[in-house]
Amino acid sequence: MTVPLSVLDLSPISTGSTARQAIRNTVDLARHAEAWGYRRFWVAEHHFVAVASSAPTELIALIAGATQTIRVGTAAVQAGYRTSASVVESFGTIDALHPGRLDLGLGRSAHRIGQLRSPGAPPAPDPPRPTVVRDGVVVPPPFAPTQIGDTTRLVASLEALRLPGAEPLDYARQVAEIRALLAGTFTTADGIALHAVPGENAGVELWLFGSSGGESAQLAGSLGLPFVANYHVSPGTILETVEAYRAAFRPSARYPEPYLVVSADVVVAAEESRARHLASTYGHWVAGIRSGAGAAEYLDPDTAPPLTEHQRRLVDDRVNTQFVGTPGSVAAGLSALRALTGADELVVTSVTFRHADRLTSHRLLAEEWGLSGARAA
């Protein structure tokens with residue numbers, strides 16, 4: 001049986017366009033994804049860069065209102081920027097009008113600020129690891145965060161997102177609070193019971209996201225939660241991430257077995273050369289992120305200059321693990337990724353300069369994958 005496919009959208013802003021148009025494009029893509037048979041539509045959270053998904057809970061409310069059946073969610077809410085109550089109440093509000101369709105994805109990127117403020121001496125580098133191909137899947141060396149050119153802007157962004165003097169809760173504690181608020185079992189340190197209204201008993205499914213075999217993967221496993229391993233962000237750590245989740249897994253009432261979703265970046269076109277051209281500015285976009293400047297406006301492949309040698313070295317792992325080509329070749333690559341990781345579901349993101357090309361990419365993949373809606377379209 002073919003595993004389900006879902007969509008992760010970043011609401012990218014193309015050069016010459018606007019955040020307003022990017023949001024409209026995301027909602028339009030969600031409508032199409034539902035019609036084509038994708039299982040879920042998730043949006044990311046990014047701030048102070050040229051993507052328009054800075055308010056993911058508000059964005060999924062718009063998407064839920066514009067669709068009928070597809071599950072919608074966050075990939076992921078950066079929990080350290082918010083109180084547990086505000087997260088649960090926001091999702092509870094949306095669930096009140098769109099019951100049983102929400103995926104509350106949590107990530108821990110916001111908890112990195114302490115390390116970025118006082119990084120200390122860099123750890124001794126691991127022995128160099130070559131790129132390998134495992135059962136048809138490219139697994140590059142892990143990207144070292146020390147390669148980020150300048151973290152000044154990143155730290156400033158993180159600081160601007162929190163109240164002066166505020167520090168994020170311990171991640172495991174915040175996950176526990178959110179679970180308790182959803183279940184109606186939350187009490188304060190003083191033993192006072194508090195109930196999230198709305199939010200308590202909402203039909204919201206909790207997910208954890210991670211890019212390494214560290215805390216997120218282990219916590220998701222130990223709590224019996226579904227987990228998303230980010231191959232599209234950190235392809236070099238995918239195997240240890242998946243292994244850590246499975247090793248830590250303890251059955252829960254809802255999930256007696258691990259439930260793993262793996263992400264991938266794709267660009268699909270009818271012809272290989274066309275797909276390669278459309279994807280040719282992906283490396284520029286990633287290079288901006290890894291330089292420390294953040295995601296810039298997405299460049300037009302018709303006019304963008306080639307990557308410099310320095311930029312190419314900075315993004316090789318991401319460019320070489322993007323699935324680019326015809327529907328058949330991309331579907332074969334995704335099938336290999338699923339087989340290697342044992343994923344129960346795949347979530348794909350596709351970034352192109354023109355919205356029409358992004359729609360085509362997702363449509364062609366849905367048709368090739370055999371999604372029911374795409375076959376009927």
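**Close-up 1. Helix H1 passes helix H2 in a right-handed crossing.** This is a predicted model, and the first view takes us to two of its helices. H1 covers residues 19-36, while H2 covers residues 56-66. Their axes come within 9 Å and cross at roughly 40°. An angle from 0 to 180 degrees counts as oblique when it is not under 35, not over 145 and not from 65 to 115, so H1 and H2 are oblique to each other. Look for Ile23, Thr26, Val27, Ala30 and Arg31 on the H1 side of the meeting place, and for Leu59, Leu62, Ile63 and Ala66 on the H2 side. Sorted by class, the residues of this contact are 7 nonpolar, 1 polar and 1 charged.

**Close-up 2. Val27 sits in helix H1.** Is Val27 buried or exposed? Its relative accessible area is 11%, and buried means under 20%, so Val27 is buried. If we set aside the neighbours within four places in sequence, Val27 is in contact with Ile63 and Ala66. Both of these partners also appear in the list of H2 residues that meet H1. Now find Ser11: it is 16 residues from Val27 in sequence, and the two C-alpha atoms are 9.3 Å apart in space.

**Close-up 3. Helix H6 and helix H7 make a right-handed crossing.** H6 runs over residues 171-183, and H7 over residues 215-223. The axes of H6 and H7 come within 11 Å, with a crossing angle of roughly 40°. Which residues meet here? From H6 come Tyr171, Ala172, Val175 and Arg179, and from H7 come Glu215, Ser216, Leu219 and Leu223. The contact of H6 with H7 is made up of 5 nonpolar, 1 polar and 2 charged residues.

**Close-up 4. Helix H8 has buried residues along one face.** H8 spans residues 238-248, and its buried residues are Ile238, Thr241, Val242, Ala244, Tyr245 and Ala248. Imagine looking down the axis of H8: these buried residues fall within an arc of 160°, so they line one face of the helix. The face turned away from that buried side carries Glu243 and Ala247, which are exposed. What covers the buried residues of H8? The cover includes two helices, H7 (215-223) and H12 (327-341), along with strands S8 (204-210), S9 (227-229) and S10 (260-268).

**Close-up 5. Helix H10 is mostly covered.** How many of the 9 residues of H10 (282-290) are buried? The count is 8, and you can find them as Tyr282, Gly283, His284, Trp285, Val286, Ala287, Gly288 and Arg290. Strand S10 and helix H11 (309-319) are among the elements that cover them. S10 also helps cover the buried residues of H8. After H10 comes Gly292, which has a positive phi near 100°.

**Close-up 6. Asp357 lies in helix H13.** H13 is the stretch of residues 355-369. With a relative accessible area of 12%, Asp357 is buried. Leaving out its neighbours within four places in sequence, Asp357 is in contact with Arg274, Leu278 and Thr352.

Notes:
Residues numbered from 1 in each chain as written. Predicted model: local features only at pLDDT ≥ 70, side-chain atom pairs only at ≥ 80, totals over all residues. Heavy atoms only, no water. Buried < 20%, exposed > 50% of the residue type's maximum accessible area, 1.4 Å probe, protein only. Helix = DSSP H or I, 4+ residues; strand = E, 2+ residues; numbered from the N terminus. Arc of directions from axis to C-beta. Contact = heavy atoms within 4.5 Å. Left-handed = near helix turned anticlockwise from the far one by under 90°. Nonpolar A, V, L, I, M, F, W, Y, C, P; charged D, E, K, R; others polar.
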